[in-house]
Amino acid sequence: MRILISNDDGYLAPGLAALADALASIAEVTVIAPDTNRSGSSNSLTLDRPLSLQRAANGFYFVNGTPSDCVHLALTGLLPERPDLVVAGINQGQNMGDDTLYSGTVAAATEGYLFGVPAIAFSQVEHGWNHLDAAARVARDVVQRRFDMLPKPFLLNVNIPNRTYDDLGKTVATRLGKRHVSEPVIKAKDPHGRDIYWVGPIGAAKDAGEGTDFHATAQGWVSVTPLQVDLTHQAQLAGLQESLHKGAA
Ligand code: MN
């Protein structure tokens with residue numbers, strides 16, 4: 001099995017090394033990751049300048065671009081052979097509910113999925129890399145399940161509580177929960193007295209009911225959510241068609 005690994009925390013992140021180490025024992029892995037922390041970069045591609053690729057001493061490749069850039073480059077010209085799986089992470093911090101739209105970790109996996117390659121994004125629920133070894137072991141377990149029941153390509157979003165391997169509960173299939181809107185923007189002054197703004201912290205969970213990713217990880221379980229990319233609001237299609245028809249009359 002050939003696995004392409006990327007992340008959004010950058011090529012020096014401990015979560016990336018832990019994931020690559022864990023998967024190297026079961027697959028041929030190639031790591032291509034952003035040169036800096038690009039968390040929150042979503043599915044962005046760099047179109048206004050060229051990208052360059054460098055190789056670190058440990059064999060990881062790094063790109064002066066986004067997670068999507070990394071996977072895009074890998075799949076459209078860098079890799080001699082198409083990987084069997086694209087894996088992203090392990091991210092420092094949860095990617096649940098609405099986070100998935102902003103996440104560079106999920107975006108790296110999504111880029112693989114868009115190219116028809118099954119993909120899995122891994123995140124640890126808490127910041128700080130506590131019990132990263134356990135999360136890496138879980139990631140390897142999940143990859144080894146192969147998901148033969150799912151049509152290919154699939155796109156899975158995995159969130160792992162920061163616990164020891166033995167303290168982690170079962171692995172469950174979940175739906176995305178929802179968050180409240182972000183906290184207010186934080187206003188400050190730069191050293192020249194000019195107004196600056198920091199985007200506020202993420203909001204608390206709003207829909208954290210049973211069956212959601214928030215609920216599962218709060219029980220200490222490993223949450224696996226199947227994602228799709230089509231944003232079409234199917235339930236509104238008929239109503240929209242009707243109002244457009246009326247408007248035209
Ligand atoms: Mn990140």
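This report looks at the overall build of a predicted protein model and then at one residue in it, Asn 7.

## Overall fold

Let's start with the big picture. Seven helices and 13 strands make up the secondary structure of the protein. Its radius of gyration is 19 Å, and the globule rule gives 18 Å for 249 residues, so the protein is as compact as a globular protein of that length. If you'd rather think in box dimensions, the C-alpha trace spans about 65 × 55 × 40 Å along its principal axes.

Contacts across the sequence are well represented here: take the contacts with a separation of 6 or more, and 75% of them join residues 24 or more positions apart.

## Inside and outside

Of the 249 residues, 45% are buried. On the outside, the protein exposes about 13,400 Å², with 53% of that coming from carbon and sulfur atoms.

As for charge, there are 20 positive side chains and 26 negative ones. The centres of those two sets sit 2 Å apart.

## A look at Asn 7

Now for a single residue. Asn 7 sits in the loop that runs between β1 (2–6) and α1 (14–24). Loop or not, Asn 7 has a relative accessible area of 1%, and with the cut-off for buried at under 20%, that makes Asn 7 buried.

What does Asn 7 touch, leaving out residues up to four places away in sequence? The list is Ala 13, Leu 16, Ala 33, Pro 34, Pro 67 and Gly 89. There's a polar partner too: a polar atom of the Asn 7 side chain lies 2.9 Å from the backbone oxygen of Gly 10.

Terms used:
Residues numbered from 1 in each chain as written. Predicted model: local features only at pLDDT ≥ 70, side-chain atom pairs only at ≥ 80, totals over all residues. Heavy atoms only, no water. Helix = DSSP H or I, 4+ residues; strand = E, 2+ residues; numbered from the N terminus. Rg over C-alpha atoms; globule rule 2.2 N^0.38 Å. Buried < 20%, exposed > 50% of the residue type's maximum accessible area, 1.4 Å probe, protein only. Contact = heavy atoms within 4.5 Å. Areas by Shrake-Rupley, 256 points an atom, 1.4 Å probe, with all protein chains shown as cover. Lys, Arg positive; Asp, Glu negative; His and termini not counted. Charge placed at Lys NZ, Arg CZ, Asp CG, Glu CD. Polar contact = N/O pair within 3.5 Å; in protein donor to acceptor, adjacent residues only side chain to side chain.
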